[in-house]
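Hi,

Here is the structure I promised to pass on. Have a look at it first, and my notes follow below.

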Amino acid sequence: MISSSDFKKGQGAQQNEINRFDRYTFEPEEEDMESVKTTFTEVFPKSIVNHVKSRDLSMQFSMNPYQGCEHGCSYCFARPTHEYWGYSAGIDFERKIMVKKNAPELLESFFKKKGYQPHAILLSGNTDCYQPAERKFEITRKMLQVCLDYRHPVNVLTKNALVTRDMDILKPLAEQNLVTVSLSIPTMNEEVRRKMEPRTSSSYNKLKAIELLSSQNIPVNVMVAPVIPGLTSDESLGILKSVSDAGALGFGYTLVRLNDSVEPVFVKWIEAHFPDRAQKVLNLIRSMRGGKLGEKQYFKRQKGEGNIAEMIHNTFKIGKLKYFKDKSLPELSSANFTGTREQQLRLF
């Protein structure tokens with residue numbers, strides 16, 4: 001078992017988990033893992049917009065300018081997707097980042113497709129569009145500019161206050177009812193946050209981002225995600241009050257689930273950092289997941305089961321009545337989209 005003192009700072013995973021698709025694996029020596037640096041590889045996909053087919057998710061489309069995520073969240077559901085690229089869901093997910101340099105051009109081509117009917121697209125959904133790499137590459141910024149140029153609605157989801165860098169684009173988008181920004185805040189406890197999602201923005205900076213965005217009439221939503229029983233679940237009402245006071249107009253939440261290779265990363269992490277409560281937390285998660293730590297079944301994965309899950313749902317119902325009763329997010333507009341020829345003709 002890895003102790004908290006042995007954990008390398010700035011990482012959620014401490015080793016590379018076995019890739020379930022690989023027949024053979026190679027695990028570097030521990031001293032080699034100590035020197036692992038973040039690398040960025042330019043990739044050139046043929047498309048950037050994904051059609052979301054999950055029946056229990058509200059969005060129809062999503063787009064991700066990066067694959068892999070430097071934020072290093074120990075619970076991240078996207079870790080197993082790195083295995084499709086031949087990498088590990090462990091350290092590789094945090095240190096081998098693929099950069100989709102042609103994403104803005106692909107997005108523009110998508111908007112120009114004949115007969116395309118615009119729908120709001122989620123910017124993120126798998127990995128964070130404002131992870132630290134965005135400071136250098138600015139792909140998210142360029143994609144937002146494409147949305148503004150074509151008057152296309154977009155929902156932004158991030159854990160990083162870097163989103164406020166792009167106020168000059170977000171503000172005109174908001175003025176045309178084309179954008180919402182969602183900040184993910186699973187905890188306000190900085191000790192937990194630094195260990196659980198080590199390279200995200202601090203809780204304080206996330207709240208300041210909400211205040212700044214709201215002051216410019218940019219609609220802000222908050223995702224309390226994931227809720228981890230026995231670790232962060234007691235914070236839910238406090239988070240809702242804080243973000244409501246900062247100007248957020250709505251919120252969502254998810255229950256933690258540890259599918260596939262996320263499970264060993266999270267289990268090793270919590271055993272190292274919270275050995276006194278690790279088994280309690282894991283057992284509470286199992287109580288919501290039919291004795292398992294993960295759940296893939298549609299709808300059931302969102303709702304969970306048992307008394308603990310029901311208690312969490314009831315807490316958020318109370319929070320909605322208490323802090324968001326008279327608040328709501330605007331419905332984004334696609335009426336002025338200028339992409340296809342048919343849409344362009346409507347302007348005359």
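I started with helix 13, whose buried residues (under 20% relative accessible area, 1.4 Å probe, protein chains only) are Ala 309, Ile 312, His 313, Phe 316, Gly 319 and Tyr 323. They sit on the same side of helix 13, because they cover an arc of only 120° around the axis (taken from the directions from the helix axis to the C-beta atoms). Asn 307, Lys 317, Leu 321 and Lys 322, on the other side, are exposed (over 50%).

This is a predicted model, so local features need pLDDT of at least 70 and side-chain atom pairs pLDDT 80 or more, while totals for chains, interfaces and linings use all residues. Residues are numbered from 1 along each chain as its sequence is written, and side-chain values use heavy atoms, without hydrogens and water.

What covers that buried side? Among the elements there are strand 9 (220-227), helix 9 (236-246), strand 10 (250-255), helix 11 and helix 12 (300-303). Helices (H or I, at least four residues) and strands (E, at least two) are DSSP runs, numbered from the N terminus.

Helix 11 (residues 278-288) packs against helix 13 (residues 306-323) at about 90°, with the axes 6 Å apart; axes are lines fitted to C-alpha atoms over the stretch in contact, and angles run from 0 to 180 degrees between N-to-C directions. That makes the two helices roughly perpendicular (65 to 115 degrees). Leu 284, Ser 287 and Met 288 of helix 11 touch Gly 306, Ile 308, Ala 309 and Ile 312 of helix 13, contact being heavy atoms within 4.5 Å.

Cheers

Conventions. Parallel < 35°, antiparallel > 145°, perpendicular 65-115°, else oblique.
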